[in-house]
Amino acid sequence: MLTVPNYKSGDVVVIKLSTGEEIITKLVEPDITAYSISRPLVFTMHPQTGQPVLIPWLMSLDPKDPKPIIINKSSVVGMTTPAKEITDHYLQSTTGIVAVPPGFTV
């Protein structure tokens, strides 16, 4: 039986496009033909350290601009929820909020 995950507004998701790009983004609003997303980032390797880093998917986009970006569903190959570490890194990159590690006490 095929089950379809029910993603909702505000979820952090990974979208694989037919172009091969993998975007990590916040879902603004899904609709019948398109997804509205905000603050889309992609992974790349840092040239000096070789470590994975998140960079803007659209270089000309103002990162502080709250307007959503529309992606046609026909361009999407797949979508899923990223690993917790990826979600935490995305949220830190886009909001500056650092997730508290488990067991941390003040």
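Visitor: What share of the 106 residues of the protein chain counts as buried?

Guide: In this predicted model, 27% of the 106 residues of the protein chain count as buried, and a residue earns that word when its relative accessible area is under 20%.

Visitor: What is the secondary structure of the protein chain, and which pattern does the protein chain follow along the sequence?

Guide: The protein chain has one helix and six strands, and reading along the sequence gives the order β-β-β-β-β-β-α.

Visitor: Why is I23 called buried?

Guide: I23, which belongs to strand β2, has a relative accessible area of 0%, and because the word buried applies to values under 20%, I23 counts as buried. Beyond the residues up to four places away in sequence, I23 touches V13, V14, I15, L17, P40, L41, V42, W57 and I71. The C-alpha atoms of I23 and P56 are separated by 9.3 Å, although these two residues are 33 residues apart along the chain.

Visitor: Which residues have the most contacts inside the largest nonpolar core?

Guide: That core has 14 residues, and those with the most contacts inside it are I15, L17, I37, W57 and I71. The strands β1 (12–17), β2 (22–30), β3, β5 and β6 (76–80) each supply at least two residues of this core. There is also a second, separate core of six residues, which includes V14, I24, L41 and L54.

Visitor: Which residues is W57 in contact with, leaving aside its neighbours within four places in sequence?

Guide: W57 is in contact with L17, E21, I23, I37, P40, L41, V42, I69 and I71, where contact asks for heavy atoms within 4.5 Å.

Visitor: Why does S36 count as buried?

Guide: S36 is part of strand β3, and its relative accessibility is 14%; since the cut-off for buried is under 20%, S36 is placed among the buried residues. With its neighbours within four places in sequence left out, S36 is in contact with K26, L27, V28, E29, P68, I69 and I70.

Visitor: Why is R39 called partly exposed?

Guide: R39 has a relative accessible area of 36%, and because partly exposed covers the range between under 20% for buried and over 50% for exposed, R39 is given the middle label. R39 lies in strand β3, which spans residues 34–45, and R39 has a positive phi of about 50° although it is not a glycine.

Visitor: Why does L61 count as partly exposed?

Guide: The relative accessibility of L61 is 29%, which is neither under 20% nor over 50%, and therefore L61 counts as partly exposed. L61 sits in the loop between β4 (52–56) and β5 (69–72), and beyond its neighbours within four places in sequence, L61 is in contact with P40 and I69. From C-alpha to C-alpha, L61 and R39 are 8.9 Å apart in space, while in sequence they are 22 residues apart.

Visitor: What makes the meeting of the side chains of D11 and K8 a salt bridge?

Guide: The distance from N to O between the side chains of D11 and K8 is 3.3 Å, and because a salt bridge asks for a nitrogen within 4 Å of a carboxyl oxygen, this pair qualifies as a salt bridge. D11 is buried at 19% relative accessibility, whereas K8 is exposed with a relative accessible area of 52%.

Visitor: How many salt bridges does the structure hold?

Guide: The structure holds two salt bridges, and one of them joins the side chains of D88 and K84 at 2.7 Å, N to O, which is within the limit of 4 Å. D88 and K84 are separated by about one helical turn because they are four residues apart in helix α1 (residues 84–95). D88 counts as partly exposed at 24% relative accessibility, while K84 counts as exposed at 55%.

Visitor: How do you know that the charged end of K73 sits over the ring of Y35?

Guide: The charged end of K73 is 4.9 Å from the centre of the ring of Y35, which satisfies the distance part of the rule, within 6 Å; the rule also asks for a position within 35 degrees of the ring normal, and K73 is listed as sitting over the ring.

How values were computed:
Residues are numbered from 1 along each chain as its sequence is written. This is a predicted model: local features need pLDDT of at least 70, side-chain atom pairs count only at pLDDT 80 or more; totals for chains, interfaces and linings use all residues. Side-chain values use heavy atoms; hydrogens and water are left out. Buried means under 20% relative accessible area, exposed over 50%, partly exposed in between (1.4 Å probe, protein chains only). A nonpolar core is a set of buried Ala, Val, Leu, Ile, Met, Phe, Trp, Tyr and Cys residues joined through side-chain atoms within 4.5 Å.
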